[in-house]
Structure formats: structure tokens, C-alpha cells
Amino acid sequence: MSPLRVLALLPVLAALGGCNLVVMAPSGDIAAQQRDLIVISTVLMLLIIVPVMALTVFFAWRYRASNKEATYKPDWNHSTGLELVIWAAPLLIIIALGALTWMGTHLLDPYRKLDRIAAGQPVPATTKPLEVEVVALDWKWLFIYPEQGIATVNELAAPVDRPIHFKLTSSSVMNSFYIPALAGQIYAMPAMQTRLHAVINRPGRYQGFSANYSGAGFSGMRFSFLGMSESDFEGWVAKTKESEARLDRAAYLQLERPSENVAVQRFGATEPRLFDAIRNLCVQPGKMCMSEMMALDAKGGLGLAGLHTTLPLAYDKYSRRGGNQAPFGEEPRYIASICTVEEANAMMAMAPPDTTPRDLTPIRGMGLTLPPTTFSLMTPRRPQTFTELLGLARSSQS
């Protein structure tokens with residue numbers, strides 16, 4: 001290669017020298033084990049790829065048309081030895097990769113509690129994991145420390161060599177929580193909770209970000225992860241507690257509004273069980289929690305007896321997040337009735353003679369007027385059974 005070509009490659013090499021290979025040189029034990037899994041898998045695959053590429057070049061050169069000394073066998077079509085090598089070697093590698101993947105899937109399961117801090121260092125029996133509750137917002141990260149009673153935005157800290165137990169959820173759309181130096185990514189989804197166990201082994205400032213596109217402010221959805229000694233971490237907690245800001249439900253609803261490139265914020269106090277309310281989508285007063293809704297569904301649903309529970313509920317999450325995207329307008333909407341076709345027909349049959357029947361033709365298009373409504377049945381106590389419904393309908397006629 002000429003000297004000019006070597007000089008032309010120098011800028012490329014200089015640019016590559018600025019790459020941050022944090023994935024291949026992590027500071028956390030989980031990320032290190034994942035790095036080892038990548039390296040071992042790559043080496044195993046190269047055991048096949050490199051010989052194949054080398055033999056391709058060798059055969060092309062050995063049996064070129066100008067090489068008259070090469071053996072020429074136009075009738076050759078099979079070799080048991082070659083077949084054994086060609087199929088046995090890849091099969092053994094596939095078996096090795098399968099075993100490696102199976103073990104890695106279980107040992108590096110993000111939900112699995114850590115049994116070691118680093119290679120040859122088991123977790124001490126007296127060590128208590130650091131609990132951190134993570135909420136992916138638009139477009140920032142909220143970290144709640146329930147044991148310390150503090151919270152931060154776009155800044156996360158943890159002591160070195162202490163297991164960290166993350167609980168993750170999202171306020172609106174799916175995001176991916178990722179600190180390359182600490183562990184692999186884990187998704188955060190609304191109305192759900194995921195978990196991640198990890199540990200940082202070296203102090204330093206590391207970068208975390210969202211690895212899943214989530215809208216206009218996605219590129220600025222980054223945060224700092226601080227690996228500290230135990231004493232420095234206690235100092236960081238004490239400094240955060242000095243903040244006069246308090247993260248209660250009202251403050252969270254303001255924080256939840258979409259914003260981009262948000263600076264670090266600290267809250268010296270937090271409302272207990274706020275994370276549970278965020279995960280269950282019931283931070284706003286008057287909203288039924290997802291856990292309560294699922295409990296009702298597990299018992300057969302609401303039915304007529306549950307109307308009094310749903311009437312006062314407000315479910316417009318768009319207006320409370322600062323937008324005008326409510327699908328049915330800005331005015332609140334309520335459940336007016338729940339009934340079967342048989343119940344509706346029975347009510348119509350018991351209606352007063354001058355009641356205008358409702359047009360049951362489906363409404364199509366936008367801006368069409370609603371059909372005339374029927375009589376309303378308002379009672380202090382709502383009917384519990386179909387028999388009670390018929391009785392109330394008969395009493396309304398008399």
C-alpha cells in the first residue's frame with residue numbers, strides 16, 4: 001500500500017479512536033456478563049465463518065483456470081469425510097450456542113435477584129438492595145427512592161457494590177430504560193411494572209437514556225447515573241433532602257406534562273405509594289385504579305349495581321397532560337346506563353304512552369344530531385336485578 005493511501009486512512013482511524021466502547025468495557029457485573037456472552041458467541045460463530053472465508057479464497061486461487069497443475073475431476077460428486085466435517089462442525093457450534101443462550105437467559109434474567117456482586121464475590125447476607133422506582137415520562141425520567149423518601153428527575157445515583165432493585169413503569173407510551181455501563185435495557189410500559197436487578201462496581205458518572213423511540217422529545221430523554229461510595233451516596237441523599245420541593249400527586253401531574261431537554265430536578269420529600277398510583281393510572285383524584293378495575297372484572301364486572309361507582313370517574317388523561325386531544329371534546333363524559341337488549345326492551349314496554357321511542361339506527365358521520373331520547377329512570381337506589389328493574393318500570397307507570 002502506498003504512503004498516500006496510509007495517510008488517507010489516518011483521519012478514519014482518528015475518528016474511530018473517539019468511539020466509546022462502553023458496551024464492551026462496562027462497569028457493572030451484569031453488563032460484564034452480557035459482554036462475555038457477546039464475545040463468546042462471536043468467537044464460536046467465527047470458528048465457522050473464518051475457515052469458510054479462508055477456504056473460499058483458497059479454492060478460488062487453487063482451482064483458477066490458469067493453474068494447470070490443479071487436480072481436475074469432472075465426475076467427482078461426493079465425499080463422506082467432507083460431508084462429516086461440513087455438517088458436524090456447525091452442529092457442534094449450534095449445540096454450544098444453544099446451551100450458552102439457555103444458561104444466559106436464566107442467569108441474566110432481569111427479574112432474577114443477584115447472587116453475586118462480581119466474579120467470585122457473592123452478595124453479603126447483610127446487604128439490603130437499594131430500591132429505586134423508575135417512571136418514564138414525556139420526555140424525562142423520574143426516579144423515586146421510597147426508603148429515602150426523595151425523588152429526582154434525570155439524575156440517578158447508587159452506591160458501588162450494592163445491588164439495585166429497579167421497578168419500572170411509564171406514564172403514557174412504552175420506553176426502554178438503558179444504562180450500557182450497568183446492565184441491558186428493560187422496557188417501561190404504562191399500567192404495567194417491569195423489574196431490573198443490577199450492580200455498579202466502579203465509581204463514576206455514566207450515561208443512561210431511552211432506547212425506544214417515544215415521540216418528539218426522544219433525543220433529549222437522557223440522564224446521568226452516578227456510581228458512588230457508600231458515604232458519598234449518603235451525602236447525595238442528604239443534599240437532595242435539603243430541597244424544599246415535594247413530589248405529591250399535584251406536583252406529579254404538573255411534572256407529567258410533556259417537556260423536552262429537562263434539567264435535573266430534586267424533591268426533598270415524596271408522597272407515599274405514589275409509584276403505585278402512577279402504575280395504576282389513578283394519580284388524578286376521582287380516577288379508579290387499574291388494580292381496582294381488574295378486581296371488579298375478576299368478580300364479574302360492574303353491571304347495573306356498579307353505576308354509582310363509575311359515574312363520578314374522570315378518564316380524560318389528555319386534558320390533564322396539557323393537551324387538547326380529548327377524543328370526545330373537553331367536557332367530561334360519564335356512563336349513563338348499562339343494560340342488555342332484553343332490559344332495554346322491557347323498559348320501553350313499561351314506558352309511558354307519550355314517550356317518544358329512541359331511533360336505534362346507528363349514527364354515522366360527524367355533526368349529526370342525536371335521536372330523541374326516551375324517558376329516564378332516576379331512583380335513589382339503583383336496581384340490583386332484572387326483576388327489580390321491571391318492578392321499578394311498572395311503578396313509574398302508576
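These legends walk through several close-up views of one predicted model.

**View 1. The whole chain, as a starting point.**
Before zooming in, it helps to have the overall counts at hand. The secondary structure of this predicted chain comes to eleven helices and 15 strands. Of the 398 residues in the chain, 34% are buried. The chain exposes about 24500 Å², and carbon and sulfur atoms supply 62% of that area. For contacts between residues at least 6 apart in sequence, 65% join residues at least 24 apart.

**View 2. Helix H4 and its buried face.**
Helix H4 covers residues 230-241, twelve residues in total. From its first C-alpha to its last, H4 reaches 17 Å, close to the 16 Å expected at 1.5 Å a residue. Which residues of H4 are buried? They are Phe-233, Trp-236, Val-237 and Thr-240. Looking down the axis of H4, these buried residues fall within an arc of 100°, so they line one face of the helix. The general rule behind such a pattern is that an α-helix has 3.6 residues a turn, so residues three or four places apart point the same way. On the other side of H4, Ser-231 and Lys-239 are exposed. The cover over the buried residues of H4 includes strands E3 (130-137), E4 (140-145) and E5 (150-153), along with E6 (155-159), E12 (222-228) and E14 (265-267).

**View 3. The six-stranded sheet.**
Here the strands run in the order E10-E7-E3-E4-E5-E14, forming an open sheet with mixed pairing. Strand E10 (194-198) and E14 stand at the edges, each with a single partner strand, so one side of each is left without a neighbour in the sheet. From one strand to the next, the twist averages 20°. Within this sheet, E3 and strand E7 (residues 164-170) pair in the parallel sense over seven bridges. To find the register, look for Val-135, which stands opposite Thr-169 in E7. H4 packs on this sheet and touches E3, E4, E5 and E14. The direction of H4 makes about 90° with that of E5.

**View 4. The five-stranded sheet.**
A second view shows five strands in an open sheet, ordered E6-E12-E11-E8-E9, with mixed pairing. E6 and strand E9 (183-188) are the edge strands, and each pairs on one side only. The twist averages 20° from one strand to the next. Are strand E11 (residues 204-210) and E12 paired in the parallel or antiparallel sense? They pair in the antiparallel sense, over six bridges. In this pairing, Arg-205 stands opposite Leu-226 in E12. H4 appears again here, packing on the sheet and touching E6 and E12. The direction of H4 makes about 140° with that of E6.

**View 5. Helix H3 against helix H2.**
Helix H3 takes in residues 80-107, with 28 residues. Its first and last C-alpha atoms are 40 Å apart, close to the 40 Å expected at 1.5 Å a residue. Buried positions in H3 are Ile-93, Leu-97, Leu-100 and Gly-104. What covers these buried residues includes helix H2 (29-62).

**View 6. Backbone details worth a closer look.**
As general background, most residues other than glycine have a negative phi, and most peptide bonds are trans. With that in mind, three spots reward a check of the backbone torsions.

- *Asp-138 to Trp-139.* The peptide bond joining this pair is cis, with omega near -10°. Trp-139 is found in the loop between E3 and E4.
- *Asn-154.* Although Asn-154 is not a glycine, its phi is positive, about 60°. Asn-154 is in the loop between E5 and E6. Is Asn-154 buried or exposed? With a relative accessible area of 4%, against a cut-off of under 20%, Asn-154 is buried.
- *Leu-281.* Leu-281 also has a positive phi, about 55°, although it is not a glycine. Leu-281 is placed in the loop between helix H6 (274-279) and helix H7 (290-298). At 25% relative accessibility, Leu-281 counts as partly exposed.

Key: Residues are numbered from 1 along each chain as its sequence is written. This is a predicted model: local features need pLDDT of at least 70, side-chain atom pairs count only at pLDDT 80 or more; totals for chains, interfaces and linings use all residues. Side-chain values use heavy atoms; hydrogens and water are left out. Helices (H or I, at least four residues) and strands (E, at least two) are DSSP runs, numbered from the N terminus. The expected span of a helix is 1.5 Å times one less than its number of residues. Buried means under 20% relative accessible area, exposed over 50%, partly exposed in between (1.4 Å probe, protein chains only). The arc is that of the directions from the helix axis to the C-beta atoms. Contact means heavy atoms within 4.5 Å. Two strands pair if DSSP finds at least two bridges between them. Axes are lines fitted to C-alpha atoms, for helices over the stretch in contact, and angles run from 0 to 180 degrees between N-to-C directions. Accessible areas come from the Shrake-Rupley method with a 1.4 Å probe; for residues, only the protein chains shown count as cover.
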